[in-house]
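Colleague: I am new to this structure and should like to understand the terms applied to it. Please present it, and then let me ask about them.

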Amino acid sequence: MNARSSVAAVAGLIAFSWAVAAGAGGAVPGFSKSFEPSTIGPGSTATLVYVIDGSAIPSPVTALAFTESLPAGLVIASPSRLATTCLDATVTGSPGASTVSLSGGRLSVASLCLVTVDVTAAAADTYESLSGDLTSSAGNSGAASATLTVDANLPGFRAAFAPSTVAPGAQSTVSFEIDNTANTNAISTLSFGANLPAGLVVASPANAFTDCGAPTLPASVTADPGSRELGLFANGFLPSFPALLAGELCVVSVDVESSMSGSFELVSSDLLAGGLSAGNTVTSLEVERTELQKLFVDDPVLPGETIELQYTLTNLDRFDAATSIAFSDDLDAALAGLAVTGALPPAPCGAGSVVSGGSTVAFVGGSLGPGESCTFALTLTVPPSAAPGNYSSTSSAATLVKGGEAELWDAAIDHLRVADNPFAFTKTFLDDPIGAGSTTSVRYSITNLSSTLAASEISFSDEFAPPFGFPVSYDPFPTNPCGAGSLLGQVQTGTANDEFGIQLSGGSLAADAVCEFEVTFRVPVDFAAGIFELETSPLTATVDGSAVLGRSAAAVAAVVAAPLVFTAEFIDDPAESPDTATLQFVLVNESEASDSITELAFTDDLTLTLAGLSVASLAPDGFCGSGSQMTGTTTLAVSGVELAAGESCVFEVELSLPAGATPGSYTNQTSDVSANVNGFAVNAPPAEAELMITGLAFSMEFVDDPVVPGDTVTLQYTIENLTSSSPATAIFFTHSLSETLSQLVVTGSLPTNPCGAGSTLGTSGPAFLFLQGGNLVPGATCSFSATLEVPGMAAPDSYRSTTSALTATFGGSVAFSSATDLLHVAFAPNDLCLESTIVDDASSLDFSDTQDTTLATADGSDPTPACGMGADGATVWYSFFASENRTILVSTAGSDYDTVVSVWEGSEDSCGSLDMPVACNDDFDDGEVTSLAEFDAVAGTAYLIQVGARNAGAGGELVLQVPEPRTELLAATALLVALLMRRRSATRRGAGSPAASAVR
């Protein structure tokens, strides 16, 4: 749990903290704690949150400290995720231990800080947790208490990686165990989600598996290869089809991999069991970068099949070459009969290197320059008699010579997984390529490879939405597709509302039997051209009384689509009736190759837009290719359009508006577009345009944001009657502020008669505004505002705020568009990269800025500087545009906290995609904690300057100076002279080049 989510989660405890502080005469911080969630299943994880509240202290306090011994049976989880937001604090607490402590903390006035740690308990019980007293320089705040209930009526929830340490590119299986063995009751439904940390993805194939759920209502696992989302959705019901029986446990497992080294911490959402939270689970995977790696690619493999074994050798030394590299790998020791087959790669790692095969791989003569690597692969045959299981395969250590001395590289290890799969399972697209907007069929074939055993309860699912959009349009499904009583139908395949596909259940096959069936569906008209793949879930079945997990089936097909952009717009509205309006169409062939579009056609039923709407004049023939034409009066028909690759055309039709049309917005939509692309028939999506018949214009604006949490902001509404003769009455809209930001409320008085006599701007609760009874004569405008209070715990972000649709009476009730604006919340004026402070590049550049960054934050999209110790805290941003080539200095001298300055090439438009900094400095000299970065700015280039608190630390008073580095100015600025001299002295002492010495 990060600091911001912790703050939001414990908002209900703040009032209690205030009460504690007030009871002590306002002299000491408040102290409280909670478990989140407060009830879990045995073995699940909850987060223990301590809140230290400085709302009532008159001055900053130091020496914050407390210690708690957890009640017997309650221990710190592994990993613990122990963290604090208290300034200068040290927290301790080891996984498996029962003591948590804080010391040396500092707290500012009117702020709060947190200590968070994950805990777990194996036994069902009620755990009364009482901390020791919180002490500080202000005195004794007393103890904090909270209760965690471990309920045997909820399942336990645990996760683990196996193996827990792998090399880059190797796979590990993450398993989630849902343990209901202590419960005498069945669980109706189960669901959870988990986002893999950045750098870790679902492997391909994912080998996703679960035995949760009932056979009649199988569970689905979210695990798309290459994605970072995992999840389980088991939607059973009691008593007939529970998701998990009493006294049993079930498992969800998925293969994952990473191409980069590091420590990856996986935190799940809370497990929902029968709609109740049973706690979450946390586990971690170590991916270690080693010189010698091996990887069995795309296992599990069936007995008798072949598999690729890949070796990667990397010289991690950046100075010396590695020569005479040699190692061996006894394959037979891992699995008897496992051996190399097929051709061997020549000179796989440098001239003179040789690899030989058989049951033992022998590699000799390898050579790699500094930082170089090589990869080669061998094809292995798995013996037909191999039993299903995981086989650990370890090479010898590698011998080599580096810098004239002999060295060893650690042995490489990976696990070969041999599957037990008695089925051949395939799927095939019968139409390839497929035209967008057309129908296609997928054929599934399942063969029972056993010559003696029948298979029953055959089941699998195949997700069609996404990618094909929801809902998917199918032809009727075949009946009894795989044996009598088998069923094929549409099911939800994931936790999201748009995740749907087909599912086969209840299939049966005699020994050596085959079943084949087809599913026909429509490819959406807006489907993009390209090559795509659909992969089923693994096949499951019962064979000889035992559950069997088979492989998934995948098929690849090409989709041909018109590379077309088709838009429509009324270019001269709003208009009054009777009058005319011009409808403009734009067609663009976006193909950069030779994809020409011919025979393009569409229709537009104008009466569906507005009764009485008709054509006044048509575009002449040949408006878009020699054969293009336009016909019709109330239904417009366009045909014969031709567009070469990269070509576009614009054409218009003038429409007559019927007399007496009610003011308002009317949607015009064409039919789908039919066309021919290089001889292949395709369809494309329709175009849509809004016809505005003169009525009301409605807008709103937060006129004085960005706003600091706890401050107020002005929200202004504007309504204009655009008609020349029609008064608007009964003008009405509503605005739910809580949908914009929780606890955003109206404060202060509201205007009277804001939009005409008798109109009311009112509230229904502090977070809900409404206007009623508004009235405007033709051409009139009303503008009015409300003052809103932004909650003190609001996280820095941009929050979209939208009203309801605006309604009014013009002889009848008419609905108009809603109004929308973004509310920008930031802890500091330049807290976000998108809101950087501009450093002026005038001829006499001498910029300085002083601000308090104590409440500044580190945004999740902030880049990591190349100096310091990784991600920094309390980041603020400045932007600079160089009008000429010049050397630029950025100094934080005079600041009272440890700063890191990094300079990036780019503007606010490139926030979130910044690459390596052009300059970075942590400490400008030994013993100093402020920074001095120097870079050569190039004329016409934009730069972003990030100032952060080192190593995720806290901010303070920032003094930023960007002086003009002229000789006479530096001579007059004693401080900067001293800084520069120290920097030069450090360089002379061997700190490296000026660029290198800026990165410490």
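Modeller: The following exchange sets the terms against their definitions. This is a predicted model, in which local features need pLDDT of at least 70, side-chain atom pairs count only at pLDDT 80 or more, and totals for chains, interfaces and linings use all residues. Residues are numbered from 1 along each chain as its sequence is written, and side-chain values use heavy atoms, with hydrogens and water left out.

Colleague: What makes a stretch a helix or a strand, and how many of each does the protein have?

Modeller: Helices are DSSP runs of H or I with at least four residues, and strands are runs of E with at least two, numbered from the N terminus. The protein has six helices and 79 strands. Its C-alpha trace spans about 95 × 80 × 65 Å along the principal axes.

Colleague: Why are strands β16 and β22 called a pair?

Modeller: Two strands pair if DSSP finds at least two bridges between them. Strand β16 (residues 171-179) and strand β22 (residues 249-257) have nine bridges, so they meet that definition; their sense is antiparallel. Within this pairing, V174 stands opposite V254.

Colleague: How do you know that β18 and β19 also pair with β22?

Modeller: Strand β18 (residues 201-202) is joined to β22 by two bridges, and strand β19 (residues 209-210) is likewise joined to β22 by two. The definition asks for at least two, therefore both count as pairs. Both pairings are antiparallel. V202 of β18 stands opposite V256 in β22, while T210 of β19 has V252 as its bridge partner.

Colleague: What makes β39 and β45 edge strands?

Modeller: The open sheet has the order β39-β48-β45, with mixed pairing. β39 (434-435) and β45 (530-535) each pair on one side only, and are therefore its edge strands. β39 pairs with strand β48 (residues 554-560) in the parallel sense over two bridges, and I434 has V559 in β48 as its bridge partner.

Colleague: What does "buried" signify, and what share of the residues is buried?

Modeller: Buried means under 20% relative accessible area, exposed over 50%, and partly exposed in between, with a 1.4 Å probe and protein chains only. By that criterion, 47% of the 1000 residues are buried.

Colleague: Which side chains count as positive or negative, and how many are there of each?

Modeller: Lys and Arg count as positive and Asp and Glu as negative, whereas His and the chain ends are not counted. On this basis the protein has 25 positive and 107 negative side chains.

Note on methods
Charge placed at Lys NZ, Arg CZ, Asp CG, Glu CD.
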